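Hi,

Here is the structure I promised to pass on. Have a look at it first, and my notes on what turned up follow underneath.

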Amino acid sequence: MLIADLDDIRLHYRIDGDPDGAPVVFSNSLGTDLRLWDKVIARLPQTGLKYIRYDTRGHGLSDSTPPPYGMGTLVRDVERLMDHLGIKDAVFVGLSIGGMTAQGLAAKRLDLVRALVLSNTAARIATREIWAQRIADVEKGGVEALANATMIRWFTPAFRATDEFRFWRNMMVRTPADGYIGCSHAIAGTDFYTTTASLRLPTLGIAGSEDGSTPADLVRETTALVPGSQFHLIRKAGHLPCVEAPDEYARVLSAFIAAQAH
């Protein structure tokens, strides 16, 4: 168990793969933790690449601080984590709010980010009104109040019929309410359209055809803001294609990483 003490926050992180390899950093979605990437990392090359993942503030084993959070705070968290670990020139993979963090980090610290993977994310996700209602629901009934509707947006009917599905629901509802609310505020206050359109680095967008949280066209639109970017649609997968279709996800990600001569 690895903990980075960054003064005002302690972040839980994990390192897999080749300790001397080129860095690939992963950032999780709202309501999950670093286990989101288990299946994909198990399918990626285990030599030549070092995989660093962490629990976003308010998630997993990282500290949960009082809400609200700003997106700048979440970007600064991973910026300080990478500086703490001496990591630069990484391929940065972010899913949903992790993809927003990725966009903000690339705009702020291009020395840390060699290439971006924007998975099931957007420059702006939903509306302030939608997030205000979700925050109010969690304040009243905990994360459980959002669970059923969220699972429908996240996963296909076929996956929701599997035994594994229940564990992802458990992961979401065990997210601290402060962490969920804090990160919801961060998403609600973020509009990266202008910021992301200014980026000039290799970028891959990944979407799920059945994603009810960040529909494929929204992911495609955000990815297209970066000149020369690539986009890949994973069919029959929802908001977490790294869970529902890990073979395809790992194949596409591995090819993109290799293309960066990383």
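**A buried arginine, and what else turned up**

Arg-53 is buried, at a relative accessible area of just 2%. Keep in mind that this is a predicted model. So what does Arg-53 form a salt bridge with? The partner is Asp-38, and the closest N and O atoms of the two are 2.6 Å apart. This pair links distant parts of the chain, with Arg-53 in strand β4 (residues 49-54) and Asp-38 in helix α1 (residues 38-43), 15 residues apart. The two ends sit in different surroundings: Arg-53 counts as buried because its relative accessible area is under 20%, while Asp-38, at 33% relative accessibility, is partly exposed.

Now for the other salt bridges. The structure holds 18 of them. As you know, side chains of opposite charge can pair when their charged atoms come close.

Arg-80 is one to click on, as it turns up in two of the pairs I looked at. One partner is Asp-8, with 2.8 Å between the closest N and O atoms. Asp-8 lies in the loop between β1 (2-5) and β2 (10-17), whereas Arg-80 is in helix α2 (residues 71-85), so this salt bridge ties together parts that are 72 residues apart in sequence. Is Arg-80 buried or exposed? Its relative accessible area is 15%, so Arg-80 is buried. Asp-8, on the other hand, is partly exposed at 43% relative accessibility.

The other partner is Asp-77, where the closest N and O atoms are 3.3 Å apart. Here both residues lie in helix α2, three residues apart, or about one turn of the helix. Asp-77 is buried as well, with a relative accessible area of 2%.

There is also a network of salt bridges for you to trace, which links Glu-79, Asp-83, Lys-108, Arg-109 and Asp-111.

One uncharged residue also caught my eye. Thr-203 lies in strand β7 (residues 203-208), and its relative accessible area is 1%, so Thr-203 is buried. What does the side chain of Thr-203 reach? It reaches the backbone oxygen of Leu-201, at 3.0 Å. Leaving aside neighbours within four places in sequence, Thr-203 is in contact with Leu-116, Leu-118, Thr-223, Val-226, Ser-229, Gln-230 and Phe-256.

Last, the overall picture. The chain has twelve helices and eight strands. Its radius of gyration is 17 Å, close to the 18 Å that the globule rule gives for 262 residues, so the chain is as compact as a globular protein of that length. Along the principal axes, the C-alpha atoms fill a box of roughly 50 × 45 × 35 Å. Of the 262 residues, 55% count as buried. If you take the contacts between residues at least 6 apart in sequence, 76% join residues at least 24 apart. As for the surface, the chain exposes about 10,600 Å², and carbon and sulfur atoms supply 50% of that.

Shout if anything is unclear when you open the file.

Cheers

Conventions
Residues numbered from 1 in each chain as written. Predicted model: local features only at pLDDT ≥ 70, side-chain atom pairs only at ≥ 80, totals over all residues. Heavy atoms only, no water. Helix = DSSP H or I, 4+ residues; strand = E, 2+ residues; numbered from the N terminus. Buried < 20%, exposed > 50% of the residue type's maximum accessible area, 1.4 Å probe, protein only. Polar contact = N/O pair within 3.5 Å; in protein donor to acceptor, adjacent residues only side chain to side chain. Contact = heavy atoms within 4.5 Å. Salt bridge = Lys/Arg side-chain N within 4 Å of Asp/Glu carboxyl O. Rg over C-alpha atoms; globule rule 2.2 N^0.38 Å. Areas by Shrake-Rupley, 256 points an atom, 1.4 Å probe, with all protein chains shown as cover.
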